[in-house]
Every structure is written in C-alpha cells, then in structure tokens.
Amino acid sequence: MNNFINKIYKNNTIVYKVLLFLITAVAIVYLFPKGGQFKYNFNNGKLWQYDNLYAPFDFAIQKTNEELIAEKAAIGNTAKKYFKYNLQTPKDVKTVFEIKINALTESDSLSEYEIKDLHKKGNLIIDKIYKTGFLENSSQNKINNATEIVELRKGNEVEEVSFQKILGSKDVFKIITENIGSQPFSFGENEVLTILSEVLKPNVSFDENYTQKALNESLSNLSYTKGKVSNGELIILKGDIVEGKKLNILNSLKSESESKIWTESNYNWIVFGYAILVSLALLMLLLFLRKYRPEIFENNNKVTFIFFNVFLMILVQTLVIKYNSDYLYVVPLSILPIVLKAFFDARLGLFTHVLTVLLLGFIVPNSFEFIYLHIIAGMVTILTVSELYKRASLFISIGQITLIYMITYFAFSILKEGNASQINWDYFLLFSANGLLSFLAVFFIYFYEKVFGLVSDVTLLELSNTNSKLLRELNEKAPGTFQHSMQVANLAEAAANEIGANSMLVRTGALYHDIGKMVNPQYFIENQATGVNPHNDLSAQDSAHIILNHVINGIELAKKNKLPDRIIDFIRTHHGTSLVYYFYKKEQDANPDIDVNIKKFMYQGPIPFSKETAILMICDAAEAASKSLKNPTSNSIDELINKIVEKQKADNQFVNSDITFREIETIKKVVKKKLMNIYHLRVEYPE
C-alpha cells in the first residue's frame with residue numbers, strides 16, 4: 001500500500017492530468033445531446049452522392065413546417081366563433097322598464113291611454129332587441145365578415161346564427177326609432193325613448209374560452225403526415241437532385257431513423273460513442289502539448305487553463321443551442337484563439353480552436369457549415385490578432401473576423417438556395433453581435449492573469465515600463481547593467497520583429513534578464529566606474545561563483561517581486577549552459593598541474609527553449625562582447641558576431657528552441673546593423 005501511495009506521489013503531475021482529462025471528457029459528453037444521428041448527409045438543391053436509397057422500413061411522410069403553418073392558419077380562419085348570450089339581462093331590463101314606465105303619471109301632455117300604448121310598444125321593442133341579442137361594443141371587431149355564421153351559446157344550448165343578426169348599438173337605436181312612433185315624437189314617445197336608452201344593456205359578448213377550446217380541438221385533429229412510404233420503396237436515385245418531395249421524404253426518414261436509434265437500450269452505446277470521440281480530441285490536444293509544447297505540458301496550471309477554456313466554449317454554445325438555436329452564431333468562439341495566442345502562441349491557439357469546433361459539430365445544426373465557418377474565422381483570428389496592448393489592433397482584427405463570418409455565410413446561402421434572394425439578413429446582425437462580444441476577450445485575459453497567474457502582452461507592456469519598481473532599483477544600484485539591459489532590449493526587439501517572434505515578450509525579458517547583478521553590482525565590469533576591479537583580490541573559482549550566481553540571484557529577485565514565469569524564463573536561459581571562459585582559463589593557468597572541474601565554471605541552464613529566449617542569448621552575448629572592441633569597425637563587428645553565434649551553435653545552445661538556421665542568420669544581420677549604428681564614427685570637429 002505504501003509503495004502504491006509513493007508511486008502516486010512521485011507521479012502526481014501525471015495523475016493530475018489523467019483526472020483532468022477524465023473530468024473534462026465526462027463534462028463535455030454530459031453536455032452533448034444523447035440522440036442518434038442519421039447516417040446520410042444531404043442539403044436542398046444538392047446531388048445525392050450515395051447509392052440508390054430504398055426505404056429500410058415503413059414510415060409516414062411528414063408535412064413541412066410551411067405546410068403545417070398554412071393548415072393551422074386555415075383552421076384558425078375557419079374555426080367556429082362562440083358568443084355568449086346572457087339570459088338574465090332581458091329580464092332585468094324589462095323589470096327596470098316596468099318600474100320606470102309605471103312611474104309616468106297622467107297629465108295634460110300624457111293621457112292614461114297613451115301610457116298604456118307606450119308601455120306596450122316598449123315591451124315590443126325590448127323583445128325585438130333581445131330576440132337575437134344586443135352585442136357589446138368590445139366584441140364587434142371579433143368577426144370580419146358580417147355574413148359569417150357564429151355559435152350563440154344560451155345557457156346549455158348553442159345555435160348557429162348569422163353574425164349580422166346580432167344587433168349593435170346603431171341597430172338598437174334604429175329599432176327604437178322605427179317602432180316607437182312617427183317623427184316628430186310626442187312628449188310621451190320622447191319619455192319612452194329616454195327610458196329605453198337608460199335601461200337597455202348589451203347581453204351578447206365574445207366567448208374567448210369556448211372559441212379557444214374549439215380551436216384547440218380542431219388543431220388536435222390536424223394530421224402531421226401526408227402519406228406513407230413502404231419498406232423497400234425507392235426513395236432517391238444516386239445523382240438525383242435533393243429537392244421538393246424527395247427532400248421531404250428524406251427529412252421524414254431522418255426524423256424516424258433518429259427516433260428509432262434513440263431508445264433506452266441504445267443510450268449507453270450512444271454515450272460510449274461520444275466518450276470515445278471526445279476522448280480522442282482531448283488526447284490529441286495533450287499529445288500536441290507533450291510533443292511541441294513540453295514546457296506547457298509539464299505545467300499543470302497551464303494545462304488546466306487550456307482544458308477549462310475548451311469546456312467553457314462548449315458549455316456556452318450548448319446552452320445557446322438548448323434554449324434558442326436561432327442565436328447559434330452569437331457565441332464568440334474567436335475568444336478562444338485570441339486568449340490562447342495572448343498567453344501562449346498562435347499554433348497552439350489554432351490547434352485548440354479547431355478541436356473545439358470539431359467537438360461542437362456533434363451538437364449544432366448544419367454542422368459542416370458551422371465547422372467550416374468557425375475554422376476559417378479562427379484562422380483569420382490567428383493571422384490578424386496581435387499586439388493586444390494596442391487598442392486599434394484589436395478593433396481592426398475583430399472587424400476583419402466579423403467580415404469573414406458574413407462573407408462565408410453569404411457564400412453558403414448562395415450555394416444552398418442557388419441565388420441571393422433567400423439570404424436571412426438577421427444572421428448579419430448575429431455576426432455583428434458576435435464581433436461585439438469578442439471584445440470580452442480583453443476582460444477574460446485580465447481575469448485569467450489574476451486567476452491562473454499567466455501573462456499577456458498587456459502585462460508585458462506594464463512590466464517594460466522603466467519606471468517600474470524593480471527596473472528603477474536596477475538603475476540605481478547597477479546603472480551600467482541597466483544601460484546594458486536597455487541596449488540588449490533594443491537589439492532583441494528589432495531581431496524579434498524581423499523573424500516574427502513576440503517582440504514585446506523578448507524586450508521585457510531583456511530588461512529583466514540581468515537583475516541578479518544588483519546583489520553584487522561592483523563585481524561586474526559595466527558597473528566599475530572607479531576602475532577598481534574587486535576580482536583582483538579573489539581566486540578565479542570565487543570570481544566565477546559570483547558571476548554564475550547572478551542568474552540564481554535574478555531568479556530569486558524575480559520571484560520575490562512576483563514577476564511572471566515567462567519573464568523568469570529569460571533570466572534562467574540567457575546564458576544557457578555556457579562557460580565563464582575567462583575565469584576558467586585563469587584557473588587553468590594558475591593550476592597547470594591540476595585537472596580543473598569545468599562544471600564549476602559553467603552556468604546551470606536550462607538552454608533556451610523558444611525563439612524569444614534564443615534571441616536574447618544572442619543579443620546579450622553580442623552586446624556585451626562588442627564593448628571589448630577597442631576600434632569597432634564593420635569587419636570587426638561582423639567577425640565578432642559570427643564567432644559568438646557559431647560558438648553558441650557548437651555548444652548546442654539552440655537545440656531545444658524552435659528557431660531555424662535562417663532565422664539565426666537574420667538575427668545576426670539585425671544585430672550587426674544595430675551595433676554598427678551604435679558605434680558609428682562622427683566627423684571630427686576642428687577645435
């Protein structure tokens with residue numbers, strides 16, 4: 001048991017990666033839909049590229065969405081409209097009318113006979129008005145066609161009537177005036193007119209609940225199929241165009257096949273298939289890191305960061321598809337390559353982006369279009385996004401990415417429809433929103449710097465400020481070293497720009513590469529302003545120890561001041577495993593009979609493992625050695641640089657860096673040119 005625990009402890013980084021791999025794979029598979037997939041790919045207007053297709057089983061032909069929408073609209077237009085007839089209202093109206101008409105008294109203007117006649121006419125008018133019903137004003141616009149037959153519900157009875165027979169306010173007034181007497185009205189007729197105007201109330205209203213219930217019943221009887229395809233029946237021939245009825249039948253077969261595949265018995269197999277595919281993608285990512293980015297692979301923090309971002313992109317895209325797939329292209333997947341390029345490099349950013357898009361192809365509609373569009377956009381992102389610390393650069397790059405999205409979608413739309421008339425212009429708004437959301441990359445970069453302790457070009461810009469605490473201290477304690485670092489930074493930046501390396505990273509690394517000399521500044525010749533060399537009082541071995549220790553001291557100072565690991569890498573590697581030759585030779589001369597241990601005079605390394613650290617090694621050695629030239633000329637500088645670089649190559653200092661011989665030659669040319677500009681001779685002025 002103890003041996004097992006010891007093995008786990010010794011291999012904790014591998015164990016962590018295995019756990020991270022498993023957790024990420026399970027989380028991604030959990031997000032994926034668990035339905036089966038149709039084994040044929042087809043698009044409207046395209047050729048059927050497979051063999052002749054025969055129906056594998058009996059299935060119904062599904063109606064298209066357009067057909068269903070049209071049928072539902074037709075049902076809605078022809079569905080019965082229900083109106084409610086209130087039986088109590090006529091009784092209440094008559095009761096109130098009786099009270100008011102009986103309140104009239106005999107007078108010179110109104111005889112008892114006229115009152116009885118008006119009473120009779122009033123009841124007759126009320127009966128006529130409520131025979132079919134008096135419609136309330138708010139229900140009059142429910143029917144467009146006056147001749148339409150509607151259902152009038154009186155209690156538990158329903159009768160069909162023409163809508164025009166149900167009286168409106170104008171119709172009621174017309175019946176009153178026509179039946180009350182001849183105009184001009186007498187005193188009594190005016191009294192009855194007033195009474196009827198007060199007591200008459202609408203008793204028919206639109207019955208929303210019954211109407212909707214009837215509509216739902218009609219819709220529930222709607223058939224979603226329009227025919228049947230029998231087992232073995234020919235569906236489409238190889239080379240036929242997928243369109244019209246054939247397209248509809250293929251869509252029906254696809255839907256039926258996926259529903260047959262997706263059963264409880266197949267659930268575990270589908271999950272198992274997804275698990276294999278997701279695991280392969282994540283395994284490719286790990287293998288890429290191990291082979292081409294070993295420094296990242298060995299850092300669990302950075303591996304976690306990469307896996308987290310892959311999962312985050314898949315999670316966001318899955319949620320959007322789940323709740324509203326219309327917003328599929330709003331998700332700014334270009335954030336992933338932007339962030340990874342900011343912290344690592346373009347190659348890793350593109351590789352990770354492509355794998356993420358391939359995984360998303362399992363869950364998105366029109367997967368080929370989605371994958372093609374996002375891979376092209378990812379390539380444009382890698383090619384255009386650079387120097388994030390420049391605000392204009394990010395604006396221009398995201399504008400170009402958005403434009404590529406639009407152009408690619410436009411091309412796909414033409415291929416699908418055969419012309420540009422059917423383009424969905426809403427997608428262009430979605431792509432614009434995608435571009436705006438891509439600016440969140442700046443926020444993510446800042447957040448990740450704090451959480452994962454990574455460093456981006458924005459942070460490098462802040463660190464390269466010579467007024468920062470550590471560089472100001474270097475200038476005060478070791479002014480000669482500070483000037484040397486500034487010169488090396490200028491040389492390295494120019495060389496990086498020439499070969500396409502990260503100029504901001506190498507410049508910042510160059511500014512800090514010699515901070516370890518602050519511990520014993522007087523032991524380095526560039527800081528010996530008085531001309532007194534303290535090495536004269538030391539043995540060669542002690543002197544070498546002080547010189548070699550400036551790397552270790554620099555690393556300690558950098559960690560104490562919380563410099564990022566990417567900057568500390570320059571301190572570690574700027575001398576590689578080179579030899580402090582001067583003191584080694586001095587020790588040999590002092591002890592000719594003793595075999596001097598060369599390792600005591602060699603830097604501990606590691607050797608450079610990137611283009612940027614290799615550039616710094618060349619520029620640092622070149623700038624320092626150029627100070628030894630008494631009469632710097634074009635030839636002497638040329639010979640010196642060649643000698644230094646060839647020595648570094650012979651010592652295998654560049655074998656771990658991804659730098660080519662051509663790039664080394666380019667760096668040499670830049671360094672020579674810059675040094676000649678620094679040491680150029682001025683015209684001697686007369687006294």
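**Helix 7, K81 and two loop residues in a predicted model**

Me: Which residues of helix 7 are buried in this predicted model?
Reply: In helix 7, the buried residues are G188, E189, V192, L193, I195, L196 and V199. The model is predicted.

Me: What makes these buried residues line one face of helix 7?
Reply: Viewed down the axis of helix 7, the buried residues fall within an arc of 165°, so they line one face of the helix. In general, an α-helix has 3.6 residues a turn, so residues three or four places apart point the same way. The cover over the buried residues of helix 7 includes helix 4 (88–102), helix 5 (112–132) and helix 6 (169–180).

Me: How do you know that the span of helix 7 agrees with its 13 residues?
Reply: At 1.5 Å a residue, residues 187–199 should span 18 Å, and the end C-alpha atoms are 19 Å apart, which agrees.

Me: Why is K81 said to have no salt bridge?
Reply: A salt bridge requires a side-chain nitrogen of Lys or Arg within 4 Å of a carboxyl oxygen of Asp or Glu. K81 is buried, and E148, the nearest side chain of opposite charge, is 4.0 Å away, yet K81 has no salt bridge. The backbone oxygen of A79 lies 3.5 Å from a polar atom of the K81 side chain.

Me: Why is K562 called exposed?
Reply: Exposed means over 50% relative accessible area; K562 has 74% relative accessibility, and therefore counts as exposed. K562 lies in the loop between helix 23 (540–560) and helix 24 (565–573).

Me: Why is N652 called partly exposed?
Reply: The class lies between the cut-offs of 20% and 50%; N652 has a relative accessible area of 45%, so N652 is partly exposed.

Conventions: Residues are numbered from 1 along each chain as its sequence is written. This is a predicted model: local features need pLDDT of at least 70, side-chain atom pairs count only at pLDDT 80 or more; totals for chains, interfaces and linings use all residues. Side-chain values use heavy atoms; hydrogens and water are left out. Helices (H or I, at least four residues) and strands (E, at least two) are DSSP runs, numbered from the N terminus. The expected span of a helix is 1.5 Å times one less than its number of residues. Buried means under 20% relative accessible area, exposed over 50%, partly exposed in between (1.4 Å probe, protein chains only). The arc is that of the directions from the helix axis to the C-beta atoms. Contact means heavy atoms within 4.5 Å. Lys and Arg count as positive and Asp and Glu as negative; His and the chain ends are not counted. A polar contact is a pair of N or O atoms within 3.5 Å; within protein, one must be able to donate a hydrogen and the other to accept it, and residues adjacent in sequence count only if both atoms are side-chain atoms.
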